[in-house]
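Grab a pencil and work through these exercises with the model open beside you. Try each task before you read its solution.

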Amino acid sequence: MIGSLMMCVSVVILLAGMLAGIVMGAQQNFLLAPAHAHLNLVGGVLLFLFGLYYRVVPAAGRMTLARIQGWLHIVGAVLFPAGIAAVLLYGPAWTAAPIIGSLIVCAAMALFVIVVFRTRAA
């Protein structure tokens with residue numbers, strides 16, 4: 001269940017990131033390139049890979065820890081690049097947003113490490 005959700009959210013985020021990249025290219029304004037890159041990588045690619053793991057290793061996807069990890073990563077994958085964009089557009093008063101987002105993503109990654117080590121093949 002969490003794997004399917006993560007994969008669905010990831011493709012929506014990746015589409016948004018790609019469209020943002022197209023708009024930046026068309027306008028020749030690359031101010032938000034760091035936010036675009038993090039949206040694609042953290043929100044699109046990583047989220048999809050985590051979801052894929054949960055689909056391929058069903059025992060991992062059934063763990064409560066996997067659901068916590070999935071929701072944490074979804075929140076962090078949105079907050080982190082949005083925070084980067086806020087800092088770039090509105091200044092350092094927004095610095096806390098990408099810091100909090102990155103810490104959430106890092107916590108989700110640590111949980112994923114635990115899930116993988118608990119469910120790896122013998």
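**Ground rules**

This is a predicted model, where local features need pLDDT of at least 70, side-chain atom pairs count only at pLDDT 80 or more, and totals for chains, interfaces and linings use all residues. Residues are numbered from 1 along each chain as its sequence is written, and side-chain values use heavy atoms, with hydrogens and water left out.

**Exercise 1. Work out the overall build of the protein chain.**

Start with secondary structure, taking helices (H or I, at least four residues) and strands (E, at least two) as DSSP runs numbered from the N terminus. You get five helices and zero strands, so to speak an α-α-α-α-α pattern along the sequence. Next, get the dimensions: the C-alpha trace spans about 50 × 30 × 20 Å along its principal axes. Then look at burial (buried is under 20% relative accessible area, exposed over 50%, partly exposed in between; 1.4 Å probe, protein chains only). Of the 122 residues, 39% count as buried. Finally, take contacts (heavy atoms within 4.5 Å). Among those with a separation of 6 or more, 74% are between residues 24 or more positions apart.

**Exercise 2. Check the length of helix H1, then find what covers its buried residues.**

H1 runs over residues 2-27, which makes 26 residues. The expected span is 1.5 Å times one less than the number of residues. That gives 38 Å for H1, and its end C-alpha atoms are 37 Å apart, which agrees. Now pick out the buried residues of H1: Ile 2, Gly 3, Met 6, Met 7, Ser 10, Ile 13, Gly 17 and Met 24. Their cover includes helix H2 (33-56), helix H3 (58-61) and helix H4 (64-90). Just past the end of H1, Gln 28 takes a positive phi of about 55°.

**Exercise 3. Where does Trp 94 sit, and which residues does Trp 94 contact beyond its neighbours within four places in sequence?**

First, place Trp 94: look in the loop between H4 and helix H5 (96-119). Second, check its exposure: with a relative accessible area of 44%, Trp 94 is partly exposed. Third, list the contacts, leaving aside neighbours within four places in sequence: Gly 83, Ala 86 and Val 87. Gly 83 is eleven residues away along the chain, yet the C-alpha atoms of Trp 94 and Gly 83 are separated by 6.9 Å.
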